[in-house]
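Here is a protein for us to look at together. Take your time with the picture, and then we can talk about what the words used for it really mean.

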Amino acid sequence: MASRALYSPRHPVLKKRDDFEDVLEERRRSSDLRYALRCYTPTLYKGLVPCKASMLKTIVLQSDHLQYVIKQVSSESGDSTECVAEEASLILDEMAQRLQLSIVRFFAFTLSKAFKRLFRSVCVNEEGIQRLQQAVQEHPVVLLPSHRSYMDFLMMSYLLYMYDLPLPVIAAGMDFMSMKFVGEMLRMSGAFFIRRSFGSDKLYWAVFSEYVKTMLRNGYAPIEFFLEGTRSRTCKSLTPKTGLLNIVMEPFFKGELFDVNLVPVSISYERILEESLYARELLGVPKPKESTSGLLKARRVLSEDYGSMHVYFGHPVSVRSLAEGKINRSQYNLLPRYIPQKPSVDTHEFLNDAAFRLVRIQEENMVLKPWVLIATLLLQNPDGLDLSSLTEQTDWLRHLALAFGAFLDWPDHEACSEVVSCSLALHRHLLSVSAGHVQLSVTDAPQVETTPEEAVFHRAVIVLSCASYRNQILHVFLRPALLAVAIQSANSNRKDDVYNCFNFLRNMFSNEFILCPGDSVQDFEEACYLLMKRGVLQVLEHEIVMSASGHSTLAFLCSVLDPFLQGYQVVCHYLCEETNENLTEKEFIPAVRSFALKLILAGRLKCYEALSSDLQKNVLAALLRLKAVRKVKVGDQVTLKVNKIAVNSLEDTLGGKIPTQKPILARL
């Protein structure tokens, strides 16, 4: 049942995708109470009877693995094994889910009411549901949804209940525990709570990993977690985390399970509920603390229109097929199964590669609405466009996106002008439309006097909110855009020179975008293929030649990456010219943001996206990886030591001033 091939980028346009059904259509016609109280009889893995929470706790606490770690911790700390075992029991009580069908039914009723008010439609690929129904009977299942909103995990459980599938147990952050009543209700609907970081807490890690593996080995319920670890504030896919992925794969590695099915799920929103909150967080406004009172205050969102939502259940991916020829499972036979082992270098590389490719599947199956095209064009034209020109360019961009394999939800038999008008109406809070001219709103603040800094902040909120929609389509244009910038920067038609530039940019941006490790040549060939197919260029044996008709496409693709190129140059410029010798890691983002703000106020920088903390973190990660910056621990603080020659060279290269084959950059 599970698919063997994880990801094949060749001929992306030819990929067949499932049709969708609007699940709210039936809900609008029938009783929500009757729906919530209906007979719920999910098909379980090998017909197992669900395990009670008390029994699950006993199995975990008595497991050989946890008993081994308890003795180890007792020996290291000097505490008695009884004392350590009691601590393990308390950790498990704090963590564990306590699923109760009555609470699930309550959520089914209330969420039906909420979803019908929030969304025009919630569309699901029912073929994906059928594949999942088969998969849960064959092997333990791990659900891997994308994560753009708090709505994601609520919708996942809602849909599985709707389709008579086993309800998942969901890895949730401790933040929700602080919500009175709501936290416990989430626990009783399948959430288990884990700390954001474990540090070197050996006992906590052992309890957590054994709890997850026990549920998986026994097939009590599908496990659900987010590969990205947290919500993406930018709506770009985040670099995946591999800790939980290793835990769910380990029972297969150790021969405790014949196979595990990984199911990537792509959840996309026409309008994101947290849109403005995300933009403010990226500009340094602290994230609001999760609380029940905050949830009640957020009820006003129910009066807003958030358009449509799409949930695409991907093909199950077999861990057995995935690991074939890549993981030598005999290495796990050298020690008893209950003794914890750190992943080998090969295993770590395998986990990293698998995680990236699973996120790529999520990206490929993201449904894109017309607004993402319009947002892309408006960001590239900050002074705005006439409505007729915007409509014409949107239609041109639609055909380009489809040619590159975009999963675009464009209304059938509807004029492009009508589609554009509907999208503008849904996102009117971000726009200013006057006398047939459309541009991003100058401010979202009340009409009162503001300081120049406040005006920049309000403008940046609008720009970053709009960028969150453009970011949803970046994976479609990314590889051709890297090639377009490489052609522009190389100042040469030689294929090797263009590839060197492409590889440099790909390496530089590998913290910014999902670029699978080791796929540089494959990505280059894919970009060449897509641009050749559009007639933008010709690829000869040793040369890449642009066609006369390809300039507009290349110019657009270069503009797609321009905010990132500018943002990276701003950070590099700050580190070369403005930073002091004792810049701490904690001071880095506020200092860079302050520097970018000064440039904007002085009229030297037009790119508001340079103010984003996400971009700034990604630049620092890239510079650390390239060894242009290194961390030095001084007392309790971590100081950043900058190799200014290396950083300056990178800044020049990003600006297209130095060919990437120069020796200094080859060394980087």
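What follows is a set of questions and answers about this predicted model.

Q: How do you know which residue a number refers to, and which parts of a predicted model count?
A: Residues are numbered from 1 along each chain as its sequence is written, and side-chain values use heavy atoms, with hydrogens and water left out. As this is a predicted model, local features need pLDDT of at least 70 and side-chain atom pairs count only at pLDDT 80 or more, while totals for chains, interfaces and linings use all residues.

Q: What makes the radius of gyration of the protein agree with that of a compact globule?
A: The radius of gyration is taken over C-alpha atoms, and the globule rule is 2.2 Å times the number of residues to the power 0.38. For 668 residues that rule gives a value near 26 Å, and the protein has 26 Å, so the two agree. The C-alpha trace spans about 70 × 60 × 55 Å along its principal axes.

Q: How many helices and strands does the protein have?
A: There are 27 helices and 16 strands. Helices (H or I, at least four residues) and strands (E, at least two) are DSSP runs, numbered from the N terminus.

Q: Why is Ser423 called buried?
A: Buried means under 20% relative accessible area, exposed means over 50%, and partly exposed is in between (1.4 Å probe, protein chains only). Ser423 has a relative accessible area of 4%, so Ser423 is buried. This residue is found in helix H18 (residues 416–426). Leaving aside neighbours within four places in sequence, Ser423 is in contact (heavy atoms within 4.5 Å) with Pro370, Trp371 and Ile374. Across the whole protein, buried residues make up 56% of the 668.

Q: Why do Pro251 and Lys254 count as buried?
A: Pro251 has a relative accessible area of 0%, and Lys254 has 6%, so both are buried. Pro251 is in helix H11, and Lys254 is in the loop between H11 and S7. Not counting residues up to four places away in sequence, Pro251 touches Lys213, Leu216, Arg217, Glu256 and Leu257. On the same terms, Lys254 touches Tyr332, Arg337, Ile339 and Gln341. Arg337 also has a place in the story of Pro251: these two are 86 residues apart in sequence and 9.2 Å apart in space, C-alpha to C-alpha.

Q: Why are Ala435 and Asn491 called exposed?
A: Ala435 has a relative accessible area of 84%, so Ala435 is exposed. Asn491, at 66% relative accessibility, therefore counts as exposed too. Ala435 lies in the loop between strand S11 (431–434) and strand S12 (437–440), and Asn491 in the loop between helix H20 (474–490) and helix H21 (495–508). Phi is near 50° in Ala435 and near 55° in Asn491, a positive value in a residue other than glycine in each case.

Q: What makes an empty space a cavity, and what makes it a pocket?
A: On a 1 Å grid over the protein atoms alone, a cavity is a set of points where a 1.4 Å probe fits but cannot get out, whereas a pocket is an open set with protein on both sides within 12 Å along at least five of seven lines. Lining residues have an atom within 4 Å of a point. A search of the whole structure finds eight cavities of 30 Å³ or more. The largest cavity holds about 190 Å³ of space. Among its 18 lining residues, Cys235, Lys236, Ser237, Asn471 and Gln472 are the closest to its centre.

Q: What is known about the second largest pocket?
A: Its volume, the space filled by probe spheres set on the points, is about 1200 Å³. Of the 47 residues that line the second largest pocket, Phe198, Trp205, Phe208, Gly243 and Leu244 lie nearest its centre. H10 supplies the largest share of this lining, six residues.

Q: How many residues of each class are in the lining of the second largest pocket?
A: There are 20 nonpolar, 14 polar and 13 charged residues. Ala, Val, Leu, Ile, Met, Phe, Trp, Tyr, Cys and Pro count as nonpolar, Asp, Glu, Lys and Arg as charged, and the others, Gly among them, as polar.
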